[in-house]
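Work through the following exercises with the sequence and the coordinates open beside you. Each task is followed by a solution that proceeds step by step.

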Amino acid sequence: MAQKSEWKNLGYELYKEWKGEDDFNAKMEQLNKDPPAPGIFSQAQLQFHVTKIKTLFGLAALKTQKRGTHANGFGAFGKIQIVNSPQFPEHEFFTSGKTFPVRLRHSNLSFDDDAKCDFRGAALKLADSDDQSPLDIIMSTGRSAVLWDVNAIYDALNSKISGDFKGYLLTSPQHLFTNIDGIRRPPDSCTDQVYYPQMPSYFKAKDGTPRYVKYRMINADGSPETGRLTQQEQRKVWDRERYPDEKRSKRYLREEYIQRLSKGPIKYKLQLQLHEVSPSDSQQILSAAKQWNDDTHPWMDLADVTITTMLPDDEVERTKYNVANCPPSLGIIGSPKSMYDFTCINYIRKRIYKRSQKMRLLTSPDENEGGMVTYLITVETGDVKHAGTNATISITMTGSKGRTDAIVLDKTFHDDFERGDYEEYQVKAMDVGDLYVIRIHNDGGGSLFKNPDWFVNKVTVLKEGSETPYEFPCYCWVLKDLTVFNGSGLLPQQDQPEIVRITRELQTQQRQQEYHWMSRETFSHFPGCINAAEHDEIPKDSQFSDPSIKSFNTGRIHAGINLGITYLMTLFENWDELDDFKDMYTGWVVEDRPKYAENDVWLEDRVFGMQYLNGVNPMMIQRCDKLPEGFPVTHALVANLLDRGLTLEQELQAGHVYLADYSILEGIRRNGEGTDKVRYVTEPLVLLYVNSAGDLVPIAIQLHTKTSETNPIWTPNDSKLDWMFVKMWAKAADLQVHQMISHLLRTHLTMECFAVSSWRNLPSIHPVFKLLFPHIRSVMAINTLGRKDLINKGGISDVTLSIGGGGHIQLIQKFYKKFTWDMLDVPKDLERRGLTNKEKLPNFLYREDALVLWETIFDFIREIMGVYYHSDNDVLEDKELQAWVKDIHDNGFPSVEDDVDHQFPQRLETRDDVIKVLTCVVFTCSCQHAAVNFGQLEVYSFIPNAPPTMQLPPPTKKGETNMKRIMSTLPSKWQTAWHIGTMHTLTRFAEDEKFLGDYSGGLFVDQDALKAISNFQEKLQKISDSIKSRNETLEWPYTYLLPERVPNSVAI
């Protein structure tokens, strides 16, 4: 029976009545807010949820062998013709009178009984095709959609899983309103319903004005819409069963349609609304939950739909509708920036429809025979260079009931396993019960012109009758065989199937045969490292996938080309004047041009001092309470430089004086020593002072550790050229120490120990391996390149550094002999150096950012490790963890002759021990390396600011410095080009770089672990926002520790 035209949706009033006005207002206020601004992890979170929703819809299709939604339906064929003289702007696709063939499908959303209360759907495909078409329009009853963002999708899915439809409706006034709007009690006919896509699309007319479009389809004869809920029915909208006196059949809508069609064509009218995009638009204009005002957005006729012929059921089932089918002038609005964006609905629909169509065709469990079941195996090939393969790939699955034979994954006339591809294979195999382990086999075959090695990201197995998919995260190369565990992390002592226990032991044994420590004789007084002289000798999982970065020299040459300085590499003369160094930058992109060269700010003492705090080497400065022996700075010498009216001794005790001590360079061999091509560097002592303005400025510099007539103490009171030249010498020394100790030793070399031991002792199912996996991924590769191209004889250090030619190795060894593990503990290190007082030492941005990131990482590791380690006893009983830490102690940081005890533990006793060690590792691999690496081009590319080498001896007497001597001392043109090319290479992010907090390519699948990661990401987002806000007011913004600029791993 037809409903009255004055039908009213009581959803909001009923919600207020049942839940209260305050609850209603709070929920609506939240709903009416625009989505939050995207954060640095928004894309990773969105992709995670898209994958999860794809799996949930796919599983539903697998279980029912039907479409994930709107499973019960029928179809018909006809034509659609664009109206003559349309009222909407001229459009290249919707041209006047244009005709398309059309397939129309009518359906119910949830039930196979037409007489139940349900949403009614209609879909148009503007082609007589099973799949491809120029445009698909997918519609449902109700102007307001029940799905408007990812959370709304989960709400609906959870209600379906739990069966608590009433509870779902009462969680939000919008849920109640939109369901009342769209649900229909048994209508008289499918043809009298009004159908809406609800989600706007873009509409690109020929006039170029940006617009959005919404559609609706109505009955052409104006029949009133039937089946709308009465006021009484709205009060029980969750009651969706057929009425007791309902006599019509379960398929009565199909029967009525056939009857109607037998009398002649069925006609519909397709209409549209348009919205001209304005900068003042709220994002609510894109919300599928919101209706556009009909007065300001009038409906206009678009096309006439004429249906003539019923389609066979099998043809209807083959027909695939997808919102992705659209011409360039129509379609999905942009790409969502987060899971909260209203545009995410079509973005998700686009990705799930094709998958669901495949999975609904799986064989029903009832048809299986002889213990065989159907599996849908999804394989994701990595999106890295040369990831694909033409080899034959097979998979063996092991579970609680046994093991399958090898199953070849292959599609006829299809190129499987190409880079970045997702492949799905429907196979029938033995029912092995719960899946524990898979083994992937690569036969090494394929094309002669393509490496057969294959990089696989993940394998997912959906088994017929299973409630959840089995996830097997890989992110590894398959050269021959790869064993992968089902994704949940497990400690070795926990209950687990025996096959899992055996497999983890075998995997560890295999890795120990692949990863070997280099002998101590090869690199003595160095941290332990992988036994590989060349990059390609490293096991492939720890290599770079991109062959273009397998050589520092290749990178330097490319950098020279990119920066336009290649011509300098063959010019051996010196520069004429300081401004000549600036001429190199004219062709550089703005972000690569060094700010230090602008307006000669590098000459300012405050800029010199600032670099000790917020440059690339914040590791040298320490509080000075007492002047070192051999550095007799008197009050009289610096009195005019102290602006508080205190004596030097008083300033020392007040905590305003700091020291940078480079005495470690004393006795280190100079490059070319004993020849006429010797290079020079000093071992200066630099005294710095925090003035009343809060600036850290140098007040005294002595170029050698012992005072003498030829080693005076220099101050800003000396001549301008003297003081400028002496500061150059101080920065030249700082560069040597920074490159070899702060950067290479304290990040690269120390972290390699953890990488080697992790691969040797921790199977991929171990939660510590899962945590460290993205942080240790590339450290062996970059360090092997460094040992070969950077610090080896004849390497880049020999060309560019004053201590190259062997002195750089001496320096590393000299420092490492006194290295202790707690030097990597940032809070402890800052306290040891006397740098924690913000009032005494303000504007120390490295300290501020490093400490908050350290604390955040510490909290994250405590939370995620707490998922697995519930007590200290769990730590003690973890034999794999204990083997890992002992291997590091014995082979990573062994105490050899003349070395101090490096104080790395032999055993971990408590959960706190685990958290501390892992915090040091994660922070050093990510934050600390970023802090001392990625500013190098900015700080070092303007050579006078920090010369890498000096060609003449240092000054010994005041008043003798002139510009000619300065220019003759600074690096020559070819040395400059080599150095800048190297700095450019060292500061590039990889194309597929993943940054701190991004575990999207990681191994965790446990929900509690994923929750910890999500919490970590939220905190990092807040840190990022805080740093950016602070930086807006700074002359020298500090960006090196922005989370989104901190790579997960030491990879360059």
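The exercises below concern a predicted model, and they deal with cavities, a domain interface and salt bridges.

**Exercise 1.** Determine how many cavities of 30 Å³ or more the structure holds, and describe the lining of the largest cavity.

Step 1. A search for enclosed space returns 12 cavities of 30 Å³ or more, and the largest cavity among them has a volume of about 210 Å³.

Step 2. The lining of this largest cavity consists of 19 residues, of which Gln739, Met740, His743, Leu790 and Leu986 lie closest to the centre.

Step 3. Mapped onto secondary structure, two or more lining residues are contributed by each of helix H16 (720-761), helix H18 (779-790), helix H19 (796-800) and helix H28 (973-986), and the largest share, 5 residues, belongs to H16.

Step 4. Sorted by class, the lining of the largest cavity contains 10 nonpolar and 9 polar residues, while charged residues are absent from it.

**Exercise 2.** Carry out the corresponding analysis for the second largest cavity, and state which element gives the largest share of its lining.

Step 1. The volume of the second largest cavity is about 160 Å³, and 16 residues line it, with Asp136, Ser201, Tyr215, Val323 and Asn346 being the closest to its centre.

Step 2. The elements that supply two or more residues to this lining are strand E4 (136-141), strand E11 (330-331) and helix H10 (344-359); the largest share, 3 residues, comes from E4.

Step 3. By class, the lining of the second largest cavity has 10 nonpolar, 4 polar and 2 charged residues.

**Exercise 3.** Characterise the interface of domain 2 and domain 3, including how many salt bridges cross it.

Step 1. The domain assignment gives domain 1 as 10-38 + 75-337, domain 2 as 374-487 and domain 3 as 546-1045.

Step 2. Taken over C-alpha atoms, the centres of domain 2 and domain 3 are separated by 43 Å, and 12 residues of domain 2 are in contact with 17 residues of domain 3.

Step 3. The size of an interface is often expressed as the accessible area lost when the parts come together. For domain 2 and domain 3 the buried area is about 1100 Å², with 59% of it on carbon and sulfur atoms.

Step 4. The salt-bridge rule, applied across this interface, finds 0 salt bridges.

**Exercise 4.** Find the number of salt bridges in the whole structure, and examine the pair formed by Asp605 and Lys727.

Step 1. Side chains of opposite charge can pair when their charged atoms come close. Over the whole structure, the search finds 57 salt bridges.

Step 2. One of these joins Asp605 to Lys727, whose closest N and O atoms are 2.7 Å apart, a distance that satisfies the cut-off of 4 Å.

Step 3. The pair links distant parts of the chain, with Asp605 in helix H13 (residues 605-614) and Lys727 in helix H16, 122 residues apart.

Key: Residues numbered from 1 in each chain as written. Predicted model: local features only at pLDDT ≥ 70, side-chain atom pairs only at ≥ 80, totals over all residues. Heavy atoms only, no water. 1 Å grid on protein atoms, 1.4 Å probe; cavity = no way out; pocket = protein on both sides within 12 Å on 5 of 7 lines; lining within 4 Å. Points joined across faces, edges and corners; volume = space filled by probe spheres on them. Helix = DSSP H or I, 4+ residues; strand = E, 2+ residues; numbered from the N terminus. Nonpolar A, V, L, I, M, F, W, Y, C, P; charged D, E, K, R; others polar. Domains from an automatic or database assignment. Contact = heavy atoms within 4.5 Å. Buried area = accessible area lost by both parts, 1.4 Å probe. Salt bridge = Lys/Arg side-chain N within 4 Å of Asp/Glu carboxyl O.
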